[in-house]
There are 2 protein chains.
Amino acid sequence: MDGKANGAKLRGKIAGPTNPMVTPILTDLYQFTMAYAYWKAGKHNERAVFDLYFRKNPFGGEYTVFAGLEECIRFIANFKFSEEEISFIQESLPPTCEDGFYDYLRGIDCSDVEVYAIPEGSVVFPKVPLMRVEGPVAVVQLLETPYVNLINYASLVATNAARHRFVAGKSKLLLEFGLRRAQGPDGGISASKYCYLGGFDATSNVAAGRLFGIPLRGTHSHAFVSSFMSPDEIVEKSLRRYDGSSVCEDFVSLVQMWLNKIKWSNLLRGIFGETNQSELAAFTSYALAFPGNFLALVDTYDVMRSGVPNFCAVALALNEMGYKAVGIRLDSGDLAYLSCEARKFFISVEKEFGVSGFGKTNITASNDLNEETLDALNKQGHEVDAYGIGTYLVTCYAQAALGCVFKLVEINNQPRIKLSEDVTKVSIPCKKRSFRLYGKEGYPLVDIMTGENEPPPKTGERILCRHPFNESKRAYVVPQRVEELLKCFWPGSPDKEREELLPLKDIRDRCIHQLEQMRPDHMRRLNPTPYKVSVSAKLYDFIHFLWLNEAPVGELQ
Amino acid sequence: MDGKANGAKLRGKIAGPTNPMVTPILTDLYQFTMAYAYWKAGKHNERAVFDLYFRKNPFGGEYTVFAGLEECIRFIANFKFSEEEISFIQESLPPTCEDGFYDYLRGIDCSDVEVYAIPEGSVVFPKVPLMRVEGPVAVVQLLETPYVNLINYASLVATNAARHRFVAGKSKLLLEFGLRRAQGPDGGISASKYCYLGGFDATSNVAAGRLFGIPLRGTHSHAFVSSFMSPDEIVEKSLRRYDGSSVCEDFVSLVQMWLNKIKWSNLLRGIFGETNQSELAAFTSYALAFPGNFLALVDTYDVMRSGVPNFCAVALALNEMGYKAVGIRLDSGDLAYLSCEARKFFISVEKEFGVSGFGKTNITASNDLNEETLDALNKQGHEVDAYGIGTYLVTCYAQAALGCVFKLVEINNQPRIKLSEDVTKVSIPCKKRSFRLYGKEGYPLVDIMTGENEPPPKTGERILCRHPFNESKRAYVVPQRVEELLKCFWPGSPDKEREELLPLKDIRDRCIHQLEQMRPDHMRRLNPTPYKVSVSAKLYDFIHFLWLNEAPVGELQ
């Protein structure tokens, strides 16, 4: 089974959560009232097992990317109440609560808790536990809210990023530009982290770049363009050649010369008015500051009548000085049409002035992009090389929440079930193991949950996989490979054997690899095939025994 | 004009942002590339004015609650790069950038920046600046991303809370239960703060309670109920009377006795099977821990056949001991029907056992509530006293982002305009003042923007209000009261005269008061009337002069 060779090892101290606001009181009050009631009943140390899972894949899809695990492990590894927090809890509970409880809270850490989880960045499915958390019931209960908080959004936005990558295609550069529209500062930082994990290439968010080593991208905004009035205001006009061999004393005039060449060339077929002078000044200034990284936002006034010709004038002047301009960004209008027009213009410039490669000048598109608009661009045909995506990506506009839950499945070795009139909300009881079974073609076929003490499925052996709640849905499988999904990430101490917390880049690689490994019909946007999730025959029987045992018998009147 | 009497005063040091991750590098990379380009062009100290505003009210409504201002002021008052941040910026920019720029960044603070804003908690409208930020162009540009981030979600979720309050009605208790589903840890903390601001009564989020003094609420979950097996496991069974006069040595038996009384009374008309024993044990334990605050989640097994009778048995036993049970929580099923059935049962218990007030036992409802479900409950008729609202509230599921923007409107005393083919995206140029004009009935009639140096509108004087972009839309108004909207919250130093940052409770009061002051047709859920936003005749003429000046003239082919 995968992960054993390079798996659990002895390791050292784990850093705290990225956001210092993630402390043990970032939880719901009822976790403390329950902890008190457990403590008062002498029940707080009963050993309990909770499963963290979700019930439905987001965005109408049939897969989810699991993310947020590292933050959960960092949280648990540093779980300790401060005296100030204890005082606040004491103020918040009724004055009748006994002091002994606060001494109990003072002594709590997570050295008696075990966390098994699917590795972060894995492709995951409904009902299969993402994490199995075992420990004293009062302590594990306190973890519920922060764990669900840390996993829900992380997994949702990583999945959203993966879906955007799927539509955009492998060859496009995907840039996350969402900080300003994210739900709060940490919404922005988490978005940058987990969009990168889900397959984006870079972010505009400098803080996220520093925290997680994500590549950074960005050039200038419309305000920069409109902050200039005309090229006359540029004082420092000199530019050294790329190879350092000489200096052009008046780069502004060089740009003007190229603009005139463009104007009187065949390119503009006589339709050329004046380009906007404040835009020309802004582009020239930006090129003087970043001659090796010139990328211009070309839609402040008019893309084809002003932005693109101005960009080309500056780019050709840079070219004469030995620099290669990066490209343009389009932030409004008909992106399919404008990208094609700009591409044609670049190709004409390449021909007209013999600047080799100019036709391939990079075109970045932004402005309210999402899965649907990317799909529409693909259908229309376009010439965009890179996408800057913000609002719809980071706020998960199409579905703003994932419904992860944290359910008690066993206490004191007694399996527990949560019933509901809605069968999709019934929990799967027992401390469980889960396995992913792979078929001949290398695709994952089905996930199966078993009781903790059942013999695990074996490669080449026939096994019955049952739908947990629908008795008619079952299938035999002979797996070509069996992968145990839950691995030990927190054995109660940072010093004991546990799975390594990998660098973000490696988690991203795992995610991209696992997504590529899926059977394509599970991944398509329209009517994807559900991936099968099952339980063993033994677990199936036990679930239904327990269900009948707990459910009241109705009486029709 | 309002706010002058108790307005600007000299004040002291301002604390940093609530989230320590909000530092000057929580911004887009392009703010630094632009800052470098401004610096390189010797343009960085040019005095610029930016407006922060949004273009469209969220959730299909016609109003927005402005929130997030205090965090912006805390940010600016403590704006300073650390050496570590400077090094990181240096690594992130091309190596050709000159060292002098990093010395410049080292020296930056916001002592030369002025922030005028509408007071937090105000009802606000599209296009009218929420904040006007003036200062050296490179510095103010750096503020764009964090400011838009801090305002966007805060205002969105405060508005969402206000809308939920509007549907629920004044008399209901509204509890924010969203931490686990929020977009990241800070999404959760911000949600709790701004939902309270928008009119909620309490939160479940302990960290938010500590940070902002918001009242806390919470009892227990389904896991607590299913963690018990039967009343036999309760070891400590004694309960002291409320008045301390005596002790009941076996409260478990007292509960059992009341359960039998209920069972054999007229209440259950012979349809009574056994209630769930694990639930009964959980309720009894919870009551022993919190005899004065007994509130039970009654839907783990079956609301009317198990949860409510079990609750009543425990509540009646508590009543015998001098305590008053608080109530029940329903977290699934048909909330309208179940709340009515539970109410009937409580009223019958009151009659049957002569327990005065029992019929009024509190009923809290939760489970995926939103504006629509609250509205549907109202239409069906229900007996819910309090709502716990999570996912849809805090993630703003119906519309997950507000589109605040930050636009350059003036630089070096030169007004600037941002054009767009989409007229709603054209910015309103010039450093401006804004006023709210009130009519005879006390309602706000219209907001009007004027140039900075125009004479302000006066009470009792006729003034022409023009739609900024539609020449045919204009109206004369004789205001009965004129309120200047933008007030000085950051004069460049915490020591200079500025508006006070009020406690959250006061901002909440302002919000509730302003919402009540609006004309009802602006506030209704279905087809609300848009509130009018206008410019002075002089500003109108100037906008259109500038527009024609900047826009290229097309040529049809």
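Student: By what turn can chain B be laid on chain A?
Tutor: This is a predicted model, in which local features need pLDDT of at least 70, side-chain atom pairs count only at pLDDT 80 or more, and totals for chains, interfaces and linings use all residues. Residues are numbered from 1 along each chain as its sequence is written, chains are lettered from A and ligands numbered from 1 in the order in which they are written, and side-chain values use heavy atoms, leaving out hydrogens and water. Copies are superposed by least squares on the C-alpha atoms of residues with pLDDT of at least 70 in both. The fit has an RMSD of 0.0 Å and a shift of 0.0 Å along the axis, and the turn is 180°.

Student: What axis does this relation describe, and which C-alpha of chain B is nearest to the axis?
Tutor: The relation is that of a two-fold axis. At 2.6 Å from the axis, the nearest C-alpha in chain B is that of Asp186(B).

Student: What percentage of the contact residues of chain B recur in chain A?
Tutor: Contact here means heavy atoms within 4.5 Å. The same surface serves both copies, and the recurring share is 100%.

Student: Is Arg180(A) buried or exposed?
Tutor: Arg180(A) lies in the loop between strand 7 (173–176) and helix 6 (184–197) of chain A; helices (H or I, at least four residues) and strands (E, at least two) are DSSP runs, numbered from the N terminus. Buried means under 20% relative accessible area, exposed over 50%, and partly exposed in between (1.4 Å probe, protein chains only). Because its relative accessibility is 15%, Arg180(A) counts as buried.

Student: With which side chain does the side chain of Arg180(A) make a polar contact?
Tutor: Beyond four places in sequence, Arg180(A) is in contact with residues including Asp28(B), Glu144(B) and Asn152(B). A polar contact is a pair of N or O atoms within 3.5 Å; within protein, one must be able to donate a hydrogen and the other to accept it, and residues adjacent in sequence count only if both atoms are side-chain atoms. At 2.9 Å, the partner is the side chain of Tyr30(B).

Student: Which strands stand at the edges of the open sheet in chain A?
Tutor: Six strands form this sheet with parallel pairing, in the order 8-7-14-13-12-11; two strands pair if DSSP finds at least two bridges between them. Each edge strand has a single partner strand, so one side is left without a neighbour in the sheet. The edges are strand 8 (202–203) and strand 11 (295–297).
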